[in-house]
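Work through the exercises below with the sequence and the structure at hand. Each task is followed by a solution in steps.

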Amino acid sequence: MDYILVTRPALPPLNEYVEEIRTIWENRWLTNSGPLHQELNQKLAAYLGVENLALFANGHTALELGIGALELQGEVITTPYTFASTIHAILRNGLTPVFCDIDPETLTIDANKIEALITERTCAVLGVHVYGTPCDIDKIDKIAGKHGLKVIYDAAHCFGERLHGAGIGQFGDISMFSLHATKAFHTVEGGALCAGDAALTAKVDRIKNFGFSSEEEAEDVGTNAKMSEFHAAMGLCNLRHIDDYLENRRRIAERYTERLRGIDGIGLLPEIPGLTRNYIYYPILLKKPYRLSRDELKDCLAEQGVLTRKYFYPLVSRFACMKGIDPGDTPVAEAAADSVLCLPMYDTLELEDVDRICDCIIKHGF
Ligand code: T4K
């Protein structure tokens with residue numbers, strides 16, 4: 001059977017990539033902030049609508065090192081409804097995650113529940129714009145301003161999104177984009193960190209290169225998290241096609257929405273005024289009167305050759321490695337984790353396949 005996977009990486013024509021990497025052979029510059037890296041850095045900052053951007057080997061290290069550069073201590077209020085990376089980035093900086101429940105509509109951190117969790121140890125709020133839906137940025141800003149907290153956004157899912165015309169990476173003290181193969185735009189593996197301030201960007205750029213500020217001085221304790229020229233070349237090629245990739249995703253998402261909207265028992269992502277979405281994932285949330293459980297629907301689709309994913313089940317706060325960390329009181333997040341199913345979504349998915357998937361969901365659910 002030919003399986004439809006939950007996602008497939010977008011790829012430029014092979015000859016275009018070969019052409020792009022030709023210069024690597026010509027100048028023998030393979031990594032360490034080479035010319036392709038620099039070109040991509042500058043083009044991505046313009047595309048994303050941000051002033052300060054640093055590229056990394058992957059999204060996780062961008063977030064982990066970005067948090068490290070803020071030199072925080074204590075507790076970070078965050079969401080359990082996310083990929084493992086978000087919470088690992090907190091823990092690996094010696095900080096304690098404090099889990100806040102999520103909003104039932106947007107599935108992002110519930111800004112109305114943040115203040116009750118603030119203690120004298122709280123240093124930051126880390127929100128995840130999950131599935132590309134922005135957190136309640138204004139409310140989080142106000143709370144952070146009132147209590148002197150840093151604001152960190154995991155924008156792993158948000159490449160290219162704009163909110164009322166502003167690049168989504170502009171919000172918070174730092175924001176991280178994942179440029180992983182499974183994202184709307186990718187550099188195979190890669191990540192980008194946007195910071196409100198140029199000095200912080202210079203600092204994370206040093207940290208990703210052993211803290212070097214010159215050939216003879218390391219100003220910060222660093223690591224190696226640099227993006228290579230081959231990865232940057234893939235980014236430059238994909239950037240030429242990004243508008244087509246996003247347009248295809250929009251058409252596919254619209255078809256799903258056309259078929260599934262208004263069906264009692266199938267919840268869809270909310271429409272957010274002023275948001276240009278990138279349609280990175282297409283999650284549905286099942287509830288009564290839908291007849292099948294989420295797991296039953298997953299199995300049923302798999303029998304038809306359609307592979308879906310339970311992003312994000314279980315909650316990160318339930319992983320074995322979180323032993324000793326308070327999982328908090330997050331019933332809305334628990335319910336979302338138990339009912340969500342991410343349907344196949346990638347730029348080359350055929351509309352006939354979307355129809356087949358929707359037929360199967362509707363036929364078996366009522
Ligand atoms: N924060 C959040 C909120 C995130 O969601 C993520 C990553 C991060 C931080 C960290 O960013 P990165 O360090 O990854 O840049 C995938 C991705 O690896 C991960 O990037 C993503 N989020 C997460 C939600 O999903 P897995 O373990 O589910 O991937 P995997 O290998 O099972 O692939 C998913 C599907 O994609 C498979 O069905 C097959 C298909 N696939 C995958 C790859 C890699 C392909 O067809 N070709 C491929 O090359 O984590």
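**Exercise 1.** In this predicted model, determine how many bridges join strand 6 to strand 13 and in which direction the two strands run.

*Solution.*
Step 1. Strand 6 covers residues 162-163, and 2 bridges join this strand to strand 13.
Step 2. The two strands run antiparallel.
Step 3. For a residue pair, take Arg162: across from Arg162, in strand 13, stands Thr276.

**Exercise 2.** Place strand 6 and strand 13 in their sheet and give the order of the strands.

*Solution.*
Step 1. The sheet is open and has 3 strands, in the order 7-6-13.
Step 2. Pairing in this sheet is antiparallel.
Step 3. Strand 7 (166-167) and strand 13 (275-276) are the edge strands, each pairing on one side only.

**Exercise 3.** Find the order of the sheet that contains strand 14, and explain why one side of strand 12 and of strand 15 has no neighbour in the sheet.

*Solution.*
Step 1. This open sheet consists of 3 strands with antiparallel pairing, ordered 12-14-15.
Step 2. Strand 12 (266-267) and strand 15 (340-343) lie at the edges and have a single partner strand each, so one side of each is left without a neighbour in the sheet.
Step 3. Strand 14 (residues 282-286) is joined to strand 12 by 2 bridges, and these two strands run antiparallel.
Step 4. Within this pair, Gly267 is opposite Leu285 of strand 14.

**Exercise 4.** Describe the shell around the ligand: which residues come nearest, which elements supply at least two residues each, and how many residues fall in each class?

*Solution.*
Step 1. There are 25 residues around the ligand, and Asp154, His157, Ser178, Arg309 and Tyr311 come nearest.
Step 2. Helix 3 (59-69), helix 4 (84-91) and strand 8 (174-178) each contribute at least two residues to the shell.
Step 3. Sorted by class, the shell holds 12 polar, 9 nonpolar and 4 charged residues.

**Exercise 5.** List side-chain polar contacts of the ligand made by Asp154, Ser178 and Tyr311, then state what share of the ligand's accessible area the protein covers.

*Solution.*
Step 1. An N or O atom in the side chain of Asp154 is 2.7 Å from a nitrogen atom of the ligand.
Step 2. For Ser178, a polar side-chain atom lies 2.7 Å from a ligand oxygen atom.
Step 3. In the side chain of Tyr311, an N or O atom is 2.5 Å from an oxygen atom of the ligand.
Step 4. On its own the ligand has 920 Å² of accessible area, of which the protein covers 75%.

**Exercise 6.** In which pocket does the ligand sit?

*Solution.*
The ligand sits in the second largest pocket.

Note on methods
Residues numbered from 1 in each chain as written. Predicted model: local features only at pLDDT ≥ 70, side-chain atom pairs only at ≥ 80, totals over all residues. Heavy atoms only, no water. Near = heavy atom within 4 Å. Polar contact = N/O pair within 3.5 Å; in protein donor to acceptor, adjacent residues only side chain to side chain. Areas by Shrake-Rupley, 256 points an atom, 1.4 Å probe, with all protein chains shown as cover. 1 Å grid on protein atoms, 1.4 Å probe; cavity = no way out; pocket = protein on both sides within 12 Å on 5 of 7 lines; lining within 4 Å. Sits in = over half its atoms within 2 Å of the grid points. Helix = DSSP H or I, 4+ residues; strand = E, 2+ residues; numbered from the N terminus. Nonpolar A, V, L, I, M, F, W, Y, C, P; charged D, E, K, R; others polar. Pairing = 2+ DSSP bridges.
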